[in-house]
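Notebook open, coffee poured. I wanted to look up how the sheet, the core and the ligand shell fit together here.

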Amino acid sequence: MHNILASRHSPTKPYLARLAVPVRELHAGHREQILNHLLQLDEEDRRLRFGTQTPDEVIKHYVEHLDFNKDSVFGVFDSDLRLVGMAHLAYLPQVKGRVHASEFGVSVLPEGRAQGLGTALLQRSAVHSRNSNIQTLYVHCLANNKAMMHLAQKAGMKVEYAYGDADAYLTLPPANPSTIVEEAANEQWAGFDYAVKENLKLASQVWWWFLGRPGHAR
Ligand SMILES: CC(C)(COP(=O)(O)OP(=O)(O)OC[C@H]1O[C@@H](n2cnc3c(N)ncnc32)[C@H](O)[C@@H]1OP(=O)(O)O)[C@@H](O)C(=O)NCCC(=O)NCCS
């Protein structure tokens, strides 16, 4: 019992301890969590994420139209299974004579920031792109988005600025056995991490029900 209750007091920033961030690939069943995640972004974060003012209705429309068969969506969950970070990797239409490219968009809730989640989502998207035969990973954002520019430059992306916007490009080498194993290992680790958090959450709910929540007479 102690372990279950103690787990509620585990460090709030576990990834600073250099643990690999478990990044899960999301599917249509996660639509509601994706919507909740994006609706929690404030006005400025929405502007940085989507490049313009983005009211709730636009976010709802965006989430409803996410095509999980065409694009890839990745997420990081906290210990309460709240989607704290997510990335949308959109595959750009193939144009004859041009390299095959994907576009990366990311958001991390303020309480999850500066723990490497954005970096992990970018890394996972880059590896997934390589394994999907994509040659260029691309990020479009506002030029004054310091955190995203920092992430992009740290990942070795080439950045071009024009009219208040910035385009960052990463040329990806072809996939190899280690990129395939890397992605499979991260997906497996993320599945394991999610199952553990799910069990701990369930167990703590059972204990709270058994003991009675403080202030809630049963
Ligand atoms: C951009 C964003 C995804 C970063 O997420 P994150 O989980 O904090 O990212 P990380 O922890 O992996 O790394 C953040 C890095 O940026 C740095 N950083 C943060 N704010 C910064 C700033 N104002 N200026 C310079 N660097 C900054 C951090 O120090 C950290 O650097 P380090 O890894 O070298 O220590 C997050 O800030 C966010 O969701 N912003 C709103 C939406 C957005 O801008 N999306 C990007 C456009 S698609």
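I began with β2 and β3, which pair in the antiparallel sense over six bridges; strands pair if DSSP finds at least two bridges between them. Within this pair I found G75 opposite M86 in β3. My element names follow DSSP runs, numbered from the N terminus: helices are H or I of at least four residues, strands E of at least two.

A note on the source: this is a predicted model, where local features need pLDDT of at least 70, side-chain atom pairs count only at pLDDT 80 or more, and totals for chains, interfaces and linings use all residues. Residues are numbered from 1 along each chain as its sequence is written.

Next I traced the whole sheet: seven strands, open, mixed pairing, in the order β1-β2-β3-β4-β5-β7-β6. The edge strands, β1 (24–26) and β6 (158–162), each pair on one side only.

Then I turned to L121. Beyond its neighbours within four places in sequence, I listed V23, F74, V76, G85, A87 and V106 as its contacts (C-beta atoms, placed from the backbone, within 7 Å).

Last, the ligand. Which residues are closest to it? I noted L48, R113, G118, T119 and K146, out of 22 that surround the ligand (C-beta atom, placed from the backbone, within 6 Å). Elements giving two or more residues to this shell are α3 (43–50), β4 (101–108), α5 (117–131) and α6 (146–154). The largest share, six residues, comes from α6.

Key. Contact = placed C-beta atoms within 7 Å.
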